[in-house]
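Ready for some practice at reading a protein model? Work through each exercise with the structure open, and try it yourself before you look at the solution.

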Amino acid sequence: MLLAIDDLHAGYGAIDVLRGVSLHVAAGEIVAVLGANGAGKSTLLRTISRYETRVRSGSISFDGHDLIAASVESVVRYGLSHVPEGRQLFTELSVDDNLRLGAYARDRRDIEAELRAMYERFPALAARKNATAFSLSGGEQQMLAIGRALMAKPKLLCLDEPSTGLAPLIVEQLFALIASLVADGTAVLLVEQNAFLTLKHANRAYVMENGEIALKGSAGELAEDPRVRAIYLGGSVDA
Amino acid sequence: MLQLLVAGVTVGSGYALVALGIHIILRATRIVNFAQGEFVIVGGLFALSIVQLFHVNAWVALAGATILGFGLGLIYERVILRPAARFGEISLTIATIGTIFILLYGHALVPGWGSLPQPLPAFTGEASDALNLGGLSIPYQSIWVFVLLLAALAAMYLFFEKTYYGKAIRAAANNPLGARLVGIDITGARAISVGIAIALAAFGGTIIGPITLVGGAGGVAISIKGFVGAIVGGLESPVGCVVGGLLVGTIEKLLQGQFSYGVADPLIYSLLLIGLLVRPQGLFGSRAAVRD
Amino acid sequence: MIARLRADARALPILALIVAIFGITLARNATYAQAGTYAAIYAIAAIGLSLLLGNVKQISIGQAGFFGIGAYVVGYLTSTLNWPFWPAAIVGVFAATLVGLGVGFIALRFRGHYLAMATLSFGLIVVGLFHESKLFGGASGISSIPYATIGSLSLSGYAAYWFAWAVALIAAFLTLNLLRGRTGRAFETIRNDELAADVIGVATRRYKILAFAYAGALAGLSGAIYAAYLGLIVPDAVGAALSIDILLMVVLGGQGGVSGALIGAALIGFLDISGHAYENWREVAYGVLVIIVVIAAPGGVIGLFRRTKREARAAPGLTTLPVAAAPVRPLNLDSPLVVHDVTKRFGGLTAVDAVNFTLERGSLTSLIGPNGAGKTTLFNAICGVGKLSAGNVNIAGRDVTGWQPHRIASLGVGRTFQNARLFDEMTVLENVVAGLIRSERTSFGADLLALPASRHAQRESTDRARATLARLGLESIAGMEARDLPFGERRRVELARAIAADPWMLLVDEPAAGLNARERAMLQDDLLALRERGMTLLLIEHDMKLVMAISDRVMVLKFGVKIADGDATSVRNDPAVVSAYLGTTG
């Protein structure tokens with residue numbers, strides 16, 4: 001198992017947002033975490049990447065490393081890259097520099113070859129190589145954020161609501177990209193608000209509600225499950 | 001008039017380096033270092049001691065003072081700024097003021113430094129040697145000051161714009177969370193930034209030392225004028241800081257030529273208040289960084 | 001907060017006793033008398049800065065400017081125009097107060113480091129003006145200023161010691177009164193959380209200006225006494241060094257309240273006796289000390305004596321007083337809220353885009369939508385936090401567009417925040433009492449002199465706050481400090497603070513976030529009970545079960561645009577809402 005989380009309780013300060021979350025991701029999988037606003041999805045990713053949150057109990061193991069004891073900087077060295085909410089790009093630096101810095105945590109001898117591969121994957125970024133990240137469109141920024149994370153050559157890529165604020169066509173491209181990553185051997189843990197589209201592309205999914213895993217199963221099963229809709233919009237199952 | 005301009009650009013070079021140092025520390029740590037001017041004084045004294053102890057020329061002293069400045073900056077960050085940062089902005093301001101006390105009064109206690117300003121040997125010839133251009137007298141040291149300012153700026157540009165680690169430090173200042181997520185040690189980046197800023201202060205103190213003397217109690221005034229330069233040019237813009245510093249030096253000399261010394265300084269401080277109120281982002285800045 | 005002031009009040013008589021004992025013993029020696037007198041004079045200025053720094057969290061490195069104004073006015077009026085001391089001192093203090101008002105007004109635009117720099121340059125400008133002005137004697141200043149007198153007694157030497165300390169202790173006593181009154185409670189809310197203070201109805205801008213003026217007045221008084229005592233005032237005596245010394249006294253002694261300032265001034269006054277020989281060592285020691293204090297003992301000397309352990313005290317029994325009826329307001333409560341074309345842009349992003357709606361009196365309306373939909377921004381727009389880009393807001397028949405948050409709150413509008421912004425260093429009871437500051441009507445003077453009106457208003461607010469806590473079942477935690485509360489209770493205390501002043505409309509931002517199932521059930525009961533009482537409620541919430549169970553009406557926002565509006569069932573089945581929440585099937 002690449003990532004295994006067991007009975008995780010975590011949150012901010014005095015607040016526990018996650019209340020006993022268990023979840024796993026195997027190599028080569030796309031796993032989605034769905035749920036309404038405030039369900040704890042982003043908190044889950046932050047806790048895996050070890051920033052901002054405080055863990056009360058439970059365990060997170062990644063590729064043989066205990067992440068509970070790890071720092072943010074070391075998580076990326078272990079091979080887990082996180083594209084956070086808001087992308088967190090180096091807006092004042094060029095596209096090229098953003099990508100190069102993505103490789104900060106690893107041996108950089110092959111960085112030029114890796115960069116070439118990245119520009120082939122993202123032709124739009126190649127065209128704007130020397131522009132500042134700030135000047136990119138929302139879709140380009142999202143691609144750059146993912147590209148920067150990929151420069152670390154991660155075994156697992158965590159994406160926090162990558163489709164937020166993007167036009168439908170761009171969202172389609174984004175999901176195609178995610179599918180291609182898995183073909184290249186990178187597993188993906190995807191947090192999304194957009195349930196229907198995500199379930200079309202993921203292998204498995206978890207649905208969170210109020211800091212707990214309310215439902216889990218294969219994407220196909222969950223897409224048919226009326227309880228998903230009820231969790232998002234309240235009311236009874238048959239509504 | 002032109003003579004005043006020469007003098008203005010010379011002291012302005014010192015302010016430019018102070019302003020740039022304040023900018024670098026602010027960008028990396030969100031701290032305004034009120035003690036920056038004291039480090040200029042101490043840096044000049046480092047050079048003086050190196051000259052006196054090892055009987056070397058001013059160039060070696062410049063290199064030595066800059067390196068010592070870098071080390072002092074690392075200590076300053078680790079011992080004072082980092083611990084105080086946990087208690088918020090007001091505590092930091094007070095801690096930098098405490099640092100002013102330590103450096104201002106402490107340097108007078110060091111054997112060989114004392115409380116009175118002392119001359120530093122010129123970089124070439126005597127401090128009084130000057131180039132005569134049809135009535136306009138340009139001290140050779142002033143030329144060196146300006147050339148060395150440009151050299152320091154070029155070095156800063158190359159480091160921050162062209163090297164991988166320089167970019168990583170900028171990335172850490174630009175977006176600390178993003179930097180941590182790619183594995184950059186932002187604590188280290190902050191320490192190095194402060195080290196560089198203090199090295200710049202020591203560098204500045206050494207190059208203008210032959211003209212303004214080194215040591216003495218002028219550090220607070222240097223800090224404020226450097227800060228005025230940074231505000232006028234734009235605290236968030238390195239180019240703005242340098243231009244602002246040169247501008248403040250020039251304005252100071254022009255005002256001193258017109259009025260008495262006593263009038264010039266309050267007018268420059270008024271410039272700070274007006275600048276803060278009217279255009280807080282400065283001439284070269286684009287973002288309002290003053291409120292919150 | 002009250003506990004801190006109580007400790008301050010207890011320390012004051014002890015300090016007075018020390019002053020008296022020192023006065024009858026050591027101060028007979030002229031050197032000690034002189035050091036003691038200077039300590040008292042600087043203490044007066046330090047009290048002002050202590051209030052500014054410790055109670056309102058505003059830094060000033062320009063207090064010497066006000067000190068200089070007081071000193072120079074007294075010097076000029078007494079030595080050049082032959083005025084007696086007292087009227088001259090009154091004019092001096094008045095002038096310093098006026099300038100303080102001005103500086104306070106300017107200071108509203110600055111925070112933190114920038115405020116430090118701005119005040120520092122203010123001080124330097126003042127010194128520069130004195131230095132250059134012929135009227136005030138230029139660099140050599142004003143000399144042969146006569147001593148202050150009381151009747152035929154000339155206040156010099158030993159007499160000056162008693163006089164200066166009498167003034168310092170009276171200033172301390174009055175400041176303590178002020179801090180214990182409504183003014184001090186308002187300061188405390190600003191120190192803890194300025195935005196929350198504004199939203200519960202504290203006129204934060206006015207109080208900040210007041211604090212600068214008050215600190216300026218005390219520094220001016222200090223300067224006035226200084227000039228008459230020394231007989232000489234020169235620009236160098238009122239430079240940046242003095243501003244920094246005053247700051248040093250406050251930080252070393254302990255900022256906030258009065259005892260720390262007195263101790264700090266005395267400490268520095270006496271260390272200064274050590275004379276010129278050790279000056280550099282002494283100043284280096286000050287620098288080291290101040291850094292150690294900042295890092296290791298932020299409370300200063302006085303802080304070392306304060307109880308550090310916080311304990312949960314049970315509140316004393318409830319003294320039941322009839323709760324005052326809400327004052328009659330000429331408000332049109334049948335039209336609680338009209339939001340018309342409200343738009344809010346941040347740079348290129350339109351967070352709220354021409355939103356329109358009208359609330360009905362006594363209804364519970366929920367505002368829902370995905371993250372980043374602009375819900376909280378819309379709340380801010382209604383409450384007056386930040387300027388609108390377009391549109392207007394009408395509350396109870398009044399156009400409140402552009403109003404400050406505290407004015408809107410004073411109409412009877414309560415609000416809670418997404419992350420429960422309590423005043424962390426205040427107790428639960430003090431937090432709820434703060435919610436009533438806006439309904440108290442005592443004056444600055446009444447607070448300063450601790451007049452019965454001031455005390456009565458405070459007692460009444462305390463009783464009302466207790467009644468509110470009782471209503472929510474929170475009496476047992478009334479004495480706990482807010483920062484020690486678990487999150488669920490923080491939310492309930494914030495609700496108590498918002499409803500203490502009996503608002504008729506309440507805006508609640510994500511009240512269920514972070515609550516467990518039991519707490520959610522309690523919240524639901526609380527909200528329904530408020531609606532029963534006739535309150536108009538607007539709720540932002542993500543918990544759809546809660547929203548669907550209690551709302552009369554649901555509005556949905558997406559990317560700043562209202563995409564649905566209606567009852568719970570129709571909104572839930574609206575295709576646009578379904579796709580906003582679940583995405584399209586693609």
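**Exercise 1. A helix on the inside**

Take helix α14 (residues 375-383) of chain C in this predicted model, and work out how many of its residues are buried.

*Solution.* Start with the cut-off: a residue is buried if 20 or more other C-beta atoms lie within 10 Å of its own. Next, go along the helix and pick out the residues that pass: K375(C), T377(C), L378(C), F379(C), N380(C), A381(C), I382(C) and C383(C). That makes 8 of the 9 residues, so helix α14 of chain C is largely enclosed by the rest of the structure. Finally, look just past the end of the helix: α14(C) is followed by G384(C), which has a positive phi near 85°.

**Exercise 2. Buried or exposed?**

Find A576(C) and decide whether it counts as buried or exposed.

*Solution.* First, locate the residue: A576(C) sits in helix α23 (residues 575-582) of chain C. Now count neighbours. A576(C) has 12 C-beta neighbours inside 10 Å, and a residue with 12 or fewer is exposed. So A576(C) counts as exposed. What does it touch? Leaving out residues up to four places away in sequence, A576(C) is in contact with I563(C) and A564(C). For a sense of scale, try S144(C): its C-alpha atom is 84 Å from that of A576(C), and the two residues are 432 apart along the chain.

**Exercise 3. Is the chain compact or not?**

Use the radius of gyration to judge how compact chain C is, then repeat the check for chain A.

*Solution.* Begin with the parts of chain C: it has 23 helices and 12 strands. For 586 residues the globule rule gives 25 Å, and the radius of gyration of chain C is 28 Å, close to that value, so chain C is as compact as a globular protein of that length. Its C-alpha atoms fill a box of roughly 90 × 50 × 45 Å along the principal axes. In chain C, 56% of the residues count as buried. Now look at the contacts in chain C with a separation of 6 or more: 77% of them are between residues 24 or more positions apart.

On to chain A, which has 10 helices and 10 strands. A compact globule of 239 residues would have a radius of gyration near 18 Å, and chain A agrees, with 18 Å. The C-alpha trace of chain A spans about 50 × 40 × 30 Å along its principal axes. Here 51% of the 239 residues count as buried. Of the contacts in chain A between residues at least 6 apart in sequence, 64% join residues at least 24 apart.

**Exercise 4. Two helix pairs**

Describe how α2(B) packs with α9(B), and how α4(B) packs with α5(C).

*Solution.* You need two things here: two packed helices are described by the angle between their axes and the distance between the axes.

- Within chain B, the axes of α2 (residues 36-54) and α9 (residues 219-233) come within 6 Å and cross at roughly 125°. α2(B) and α9(B) are therefore oblique to each other. The crossing is right-handed. On one side you'll find Q36(B), G37(B), E38(B), V40(B) and I41(B) of α2(B); on the other, G219(B), V220(B), A221(B), I222(B), S223(B) and G226(B) of α9(B). Sorted by class, the residues of this contact are 5 nonpolar, 5 polar and 1 charged.
- Between chains, α4 (residues 89-106) of chain B packs with α5(C) at an angle of about 45°, their axes being 8 Å apart. α4(B) and α5(C) are therefore oblique too. E89(B), I90(B) and T93(B) of α4(B) meet G112(C), H113(C) and A116(C) of α5(C). That contact has 2 nonpolar, 3 polar and 1 charged residues.

**Exercise 5. Where the chains meet**

Work out which element of chain C gives the largest share of the side that touches chain B, then look at chain B where it touches chain A.

*Solution.* Count both sides: 37 residues of chain C are in contact with 36 residues of chain B. On the chain C side, α5 (112-132), α10 (240-253) and α12 (279-296) each give two or more residues. The largest share comes from α5(C), with 15 residues. By class, the chain C side has 25 nonpolar, 7 polar and 5 charged residues.

The contact of chain B with chain A takes 15 residues from chain B and 22 residues from chain A. On the chain B side, α6 (164-174) and α7 (176-181) each supply at least two residues. α6(B) gives the most, with 6 residues. The chain B side divides into 7 nonpolar, 4 polar and 4 charged residues.

Conventions
Residues are numbered from 1 along each chain as its sequence is written. Chains are lettered from A and ligands numbered from 1 in the order in which they are written. This is a predicted model: local features need pLDDT of at least 70, side-chain atom pairs count only at pLDDT 80 or more; totals for chains, interfaces and linings use all residues. Two residues are in contact if their C-beta atoms, placed from the backbone, lie within 7 Å. Helices (H or I, at least four residues) and strands (E, at least two) are DSSP runs, numbered from the N terminus. Ala, Val, Leu, Ile, Met, Phe, Trp, Tyr, Cys and Pro count as nonpolar, Asp, Glu, Lys and Arg as charged, and the others, Gly among them, as polar. Axes are lines fitted to C-alpha atoms, for helices over the stretch in contact, and angles run from 0 to 180 degrees between N-to-C directions. Angles under 35 degrees count as roughly parallel, over 145 as roughly antiparallel, 65 to 115 as roughly perpendicular and the rest as oblique. A crossing is left-handed if the near helix is turned anticlockwise from the far one by less than a right angle, and right-handed if clockwise. The radius of gyration is taken over C-alpha atoms; the globule rule is 2.2 Å times the number of residues to the power 0.38.
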